[in-house]
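User: Could you take a close look at the C-terminal end of this chain for me? I'd like to know what packs around it, and then have you follow the trail outward from there.

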Amino acid sequence: MAVRVQPRQLAFALPHAESLTRDNFLEGPANEAGLALIDSWPDWPNRVMLLVGPEGSGKSHLAAIWAEEAGARSTSAHALNAAAVPGALATGALVVEDLRPQDFDERAMFHLLNLAREDEVSVLITARLPPIAFEVELRDLRSRLRAIPMVSLLPPDDLLFRGLIVKFCADRQMSIDETVVSYLTTRLERSYAAVRQAIDLLDTEALRLGRPVTRALAAELLRNA
């Protein structure tokens, strides 16, 4: 007699849209300085400003809000090269995302800072670490980077942390109740990256197992993570 084997459900990593509009930005004490920076443009104290914060802290969201307001182009610091600098600054505003130590062309960055000042272009640079933590070979660039006014995003408070859990679930169209939110709030490391990782795990495993996202599933997955 043939034995029927129940097929295992596969989880496919389908893309999900994360809303980066002003209406979907979660405000709180941790990011109020960053939001104030965006709202104060074009009356910035310097043509070039630096937004620093840990992974997932909302830097890209704030940059997207500002880019929409200022008509700015966007590029990654890693992809920036000297030949592309004039074109990148052509609209009068530019976002340079994710500046990391030893992961950018120093001469291109130096050219960008000089040309932005000469042409009076507004530039918003995002980074996880302040430039003082960078090892930069070009002495003039090192001093220029460290002189850029910096605004920092802080770790989330309780209210913002809960809001992030709800938002990341909503971005993935995941249905959760208050018991799951409360459980995750008390069990997760208080960081943006930890929330994103936990929600990714819950979404993937709930789909694979064919189970709803419950407190019991969250406890099971976090215990085994």
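Analyst: Happy to! In what follows, contact means heavy atoms within 4.5 Å. Please keep in mind that this is a predicted model.

Let's begin with α9 (215-224). The buried residues of this helix are L217, A218, A219 and L221. Which elements cover them? The cover includes α7 and α8. Turning to α7, which runs over residues 178-187, we find V180, V181, Y183, L184 and T185 buried. Their cover includes α9 in turn, together with α6 (158-171) and α8 (192-209). So much for the packing of these helices.

Two of the helices just named also lead us to the largest pocket. α6 and α8 each give at least two residues to its lining, and so do α2 (59-70) and β3 (93-99). Of these contributions, the largest share is that of α6, with 4 residues. The pocket has a volume of about 440 Å³, and 24 residues line it. Nearest its centre lie G56, S57, G58, K59 and R196. If you are thinking about the chemistry of the lining, it divides into 9 charged, 8 polar and 7 nonpolar residues.

R196 deserves a second look. Besides being among the residues nearest the pocket centre, R196 has its charged end over the ring of F168, at 4.5 Å from the ring centre. There is another arrangement of this kind: the charged end of R190 sits over the ring of F161, with 4.2 Å to the ring centre.

From charges over rings it is a short step to rings that pair with rings. How many aromatic pairs does the structure hold? There are 3. In one of them, W44 and W66 have ring centres 5.2 Å apart and planes at 25°, so this pair is stacked. W66 belongs to helix α2 while W44 sits in the loop between α1 (32-40) and β1 (48-52), so the pair ties together parts 22 residues apart in sequence. Both tryptophans are buried, and W41 joins them in one aromatic cluster. Helix α2 therefore appears twice in our tour, because W66 lies in that helix, and α2 also supplies residues to the pocket lining.

W41 brings a backbone detail with it. The peptide bond from W41 to P42 is cis, with omega near 10°, and P42 has its place in the loop between α1 and β1. Most peptide bonds are trans.

A second pair is F104 with F134. Their ring centres are 6.3 Å apart and their planes meet at 45°, so this pair is tilted. F104 is in the loop between β3 and α4 (106-119) and F134 in the loop between β4 and α5, so parts 30 residues apart in sequence are tied together here. F104 counts as buried because its relative accessibility is 13%, and F134 does so at 3%.

The loop that holds F134 also contains V136, between β4 (122-127) and α5 (139-147). V136 is buried too, at 7% relative accessibility. Setting aside neighbours within four places in sequence, its contacts are E106, L141, R142 and L145. E106 is 30 residues away from V136 along the chain, yet the C-alpha atoms of the two are separated by 7.6 Å.

The loop that holds F104 offers a contrast. Q102 is found in this loop between β3 and α4, and at 63% relative accessibility Q102 counts as exposed. Q102 has a positive phi of about 60° without being a glycine. E120, in the loop between α4 and β4, has a positive phi as well, near 55°. E120 is exposed, at 53% relative accessibility.

Finally, here is the setting for all of this. The protein has 9 helices and 5 strands, and its order along the sequence is α-β-α-β-α-β-α-β-α-β-α-α-α-α. The helices we started with therefore belong to an all-helical stretch at the end of that pattern, because the pattern closes with α-α-α-α. Of the 225 residues, 41% are buried. Among contacts with a separation of 6 or more, 73% join residues 24 or more positions apart. The C-alpha trace spans about 80 × 40 × 30 Å along its principal axes.

How values were computed
Residues are numbered from 1 along each chain as its sequence is written. This is a predicted model: local features need pLDDT of at least 70, side-chain atom pairs count only at pLDDT 80 or more; totals for chains, interfaces and linings use all residues. Side-chain values use heavy atoms; hydrogens and water are left out. Buried means under 20% relative accessible area, exposed over 50%, partly exposed in between (1.4 Å probe, protein chains only). On a 1 Å grid over the protein atoms alone, a cavity is a set of points where a 1.4 Å probe fits but cannot get out, and a pocket is an open set with protein on both sides within 12 Å along at least five of seven lines; lining residues have an atom within 4 Å of a point. Grid points are joined across faces, edges and corners, and a volume is the space filled by probe spheres set on the points. Ala, Val, Leu, Ile, Met, Phe, Trp, Tyr, Cys and Pro count as nonpolar, Asp, Glu, Lys and Arg as charged, and the others, Gly among them, as polar. Rings of Phe, Tyr and Trp (its six-membered ring) pair if their centres lie within 6.5 Å; planes under 30 degrees apart count as stacked, over 60 as edge-to-face and the rest as tilted. A charge sits over a ring if NZ of Lys or CZ of Arg is within 6 Å of the ring centre and within 35 degrees of the ring normal.
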